[in-house]
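Please open the model in a viewer and keep the selection panel at hand. The tour below proceeds stop by stop, each with a selection to make.

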Amino acid sequence: MLHSVGVHTLQLLTQAAACILLFPRFLLTAVMLWLLDFLCIRKKMLTMPTAEEAASASEEPPPDDPPVCVSDSNRMFTLESLKAVWHGQKLDFFKSAHVGSLAPNPEVIQLDGQKRLRILDFARGKRPLILNFGSCT
């Protein structure tokens with residue numbers, strides 16, 4: 001019982017530390033998304049022709065130019081996008097593989113299901129170990 005309380009306390013402290021470390025990065029990303037939305041909306045509104053200009057112009061707009069429509073469906077600064085940014089940054093923070101550090105050595109089970117080994121147990125001498133995660137579909 002005491003061991004499980006210690007494990008849960010350690011997990012809670014780790015999550016709290018991650019939140020404190022990630023919060024400035026998250027705020028910076030949120031500000032960047034807001035600025036991007038603001039600039040895109042401002043550009044669309046400032047370059048949008050008035051009704052008189054549109055009537056006098058006989059040319060059609062290019063087909064790849066979407067109509068001006070500012071709604072929550074085409075904005076980047078939404079609650080869903082902020083949740084995705086937070087989740088992605090947390091996943092990146094807690095991943096076990098980092099550039100420049102040692103490779104993780106997870107446990108694998110052989111095909112017979114009897115023997116458990118680590119991936120790096122298959123490395124031999126100075127030869128590199130190559131893992132192929134291919135598909136035969």
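Begin with the whole chain: of the 137 residues in the protein, 9% are buried, where buried means under 20% relative accessible area, exposed means over 50% and partly exposed lies in between (1.4 Å probe, protein chains only). The model is predicted, so local features need pLDDT of at least 70 and side-chain atom pairs count only at pLDDT 80 or more, whereas totals for chains, interfaces and linings use all residues. Residues are numbered from 1 along each chain as its sequence is written, and side-chain values use heavy atoms, with hydrogens and water left out.

**Overall fold.** Colour by secondary structure to display three helices and two strands, arranged along the sequence as α-α-α-β-β. Helices (H or I, at least four residues) and strands (E, at least two) are DSSP runs, numbered from the N terminus. Contacts (heavy atoms within 4.5 Å) may be considered next: among those with a separation of 6 or more, 53% join residues 24 or more positions apart. A surface representation has an accessible area of about 12100 Å², 65% of which belongs to carbon and sulfur atoms; such areas come from the Shrake-Rupley method with a 1.4 Å probe, and for residues only the protein chains shown count as cover.

**Residues 12-36.** Select this segment, which an unreviewed UniProt entry annotates as "transmembrane region"; such annotations may be inferred rather than shown by experiment. The segment is 100% helix and 0% strand, and its end C-alpha atoms are 35 Å apart.

**Aspartate 37.** Move to aspartate 37 in helix α1, which spans residues 2-47. Is this side chain's residue, aspartate 37, buried or exposed? Aspartate 37 is buried, with a relative accessible area of 5%. Beyond its neighbours within four places in sequence, aspartate 37 contacts Arg75, Met76 and Phe77.

**Aromatic pairs.** The structure contains three aromatic pairs. Rings of Phe, Tyr and Trp (its six-membered ring) pair if their centres lie within 6.5 Å; planes under 30 degrees apart count as stacked, over 60 as edge-to-face and the rest as tilted. Select tryptophan 34 and phenylalanine 38: their ring centres are 5.5 Å apart and their planes meet at 15 degrees, so the pair is stacked. Both residues lie in helix α1, four residues apart, about one turn of the helix. Then select phenylalanine 93 and phenylalanine 94, whose ring centres are 5.1 Å apart with planes at 85 degrees, so this pair is edge-to-face.

**Nonpolar patch.** Return to the surface and select Leu28, Val31, Met32, Trp34, Leu35, Phe38, Leu39 and Phe77, a nonpolar patch with about 740 Å² of accessible area together. Patches are made of residues with over 30% relative accessible area and no salt bridge; like charges are joined within 9 Å, and nonpolar side chains (Val, Leu, Ile, Met, Phe, Trp, Tyr) within 5 Å.

**Salt bridges.** Three salt bridges are present, each defined as a side-chain nitrogen of Lys or Arg within 4 Å of a carboxyl oxygen of Asp or Glu. Select arginine 25 and aspartate 92, which form one at 3.8 Å, N to O. Arginine 25 belongs to helix α1 and aspartate 92 to helix α3 (residues 79-94), so the pair ties together parts 67 residues apart in sequence. Add lysine 95, whose closest N to O distance to aspartate 92 is 2.9 Å; Arg25, Asp92 and Lys95 are thereby linked in a network of salt bridges. Finally, select glutamate 107 and arginine 116, whose side chains form a salt bridge at 3.1 Å, N to O. Glutamate 107 is partly exposed at 45% relative accessible area, while arginine 116 is exposed at 53%.
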